[in-house]
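Me: Could you take a close look at one part of this protein for me? I would like to follow a single loop and the residues around it.

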Amino acid sequence: MKRSIPALIAAALVATTLSTTTTTASAAPAPEPKPVVSCEFTPTPENPAAKPVRIPSARARAKGTVDVYFVTNYGPFVVRMDRANAPCGVHNFVHLVKSRFYDATQCFRLTNSARLGVLQCGDIYRQEEGGPGYKFPDEVTGNETYPRGTVAYGNQGPGTNGSEFFVVHSFANIDPNYTVLGHVVAGMSTFDRMVAAGIADPDQDGPPVKPIRILKVWAR
């Protein structure tokens, strides 16, 4: 069976990213024992899981990075997530990826205003509706910034992280209230295409003109 063009492009990004990672690892000294932290995941029966998914384990690695690969109908991109900066957040994201929570989902909000330029994803039903059935605390210092390429959790107030996340395609002049997961390391042109396709709102904050779909996500 022939592979689709997005899959072929994603494979190329995988190869490039893994090649860089392998080269760095070969020059590094033997790894030290991986530190771990305890995480608190609280069920939200008032907002049950939009897709079948268990609550993650309470122990998370707090060292190293993990690369998360996305294939969308606009093209692929790769996010390098930092376990040291947000151990519980990255642990949760990888858990959701492995549970296929993000596969075959839609990103319902795209903004391109003077204050905020982001793509918001991870809401299964519609904007800010449809999470994993639990929440967990923020991992912020108050010094966070959100330049182009930043990937962070969205929330509906302190300690309400779940599955919602956003990718900054230009800049985000917002308060440091959002846990930073990592940054896009390949495929920012994918977001440029999304923005160029337009937003169905005169204030440039709403649904994209052409639906943005996440087809497949995996982590390495």
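Reply: Happy to! Helices and strands here are DSSP runs numbered from the N terminus, with at least four residues for a helix and at least two for a strand. With that naming, A104 is found in the loop between α2 and β6. Please keep in mind that this is a predicted model.

Let's begin with the backbone. Phi of A104 is near 55 degrees, which is a positive value in a residue other than glycine. Most residues other than glycine have a negative phi. A104 is also exposed, with a relative accessible area of 67%.

Now to the aromatic side of the story. A search of the whole structure finds 16 aromatic pairs. One of them joins Y102 and F165 edge-to-face, with 5.4 Å from centre to centre and 85 degrees between the planes. Y102 sits in the loop between α2 (87–98) and β6 (105–107), while F165 belongs to strand β11 (residues 165–172), so this pair ties together parts that are 63 residues apart in sequence. Y102 and F165 are both buried, whereas A104 is exposed.

The picture widens from there. Y102 and F165 are members of one aromatic cluster, whose other members are F41, F70, F77, F93, F101, Y134, F136, Y153 and F191.

If you would like another backbone example, try E128, in the loop between β8 (116–121) and β9 (134–135). Phi of E128 is near 65 degrees, again a positive value in a residue other than glycine, and E128 is partly exposed, with a relative accessible area of 38%.

Terms used:
Residues are numbered from 1 along each chain as its sequence is written. This is a predicted model: local features need pLDDT of at least 70, side-chain atom pairs count only at pLDDT 80 or more; totals for chains, interfaces and linings use all residues. Side-chain values use heavy atoms; hydrogens and water are left out. Rings of Phe, Tyr and Trp (its six-membered ring) pair if their centres lie within 6.5 Å; planes under 30 degrees apart count as stacked, over 60 as edge-to-face and the rest as tilted. Buried means under 20% relative accessible area, exposed over 50%, partly exposed in between (1.4 Å probe, protein chains only).
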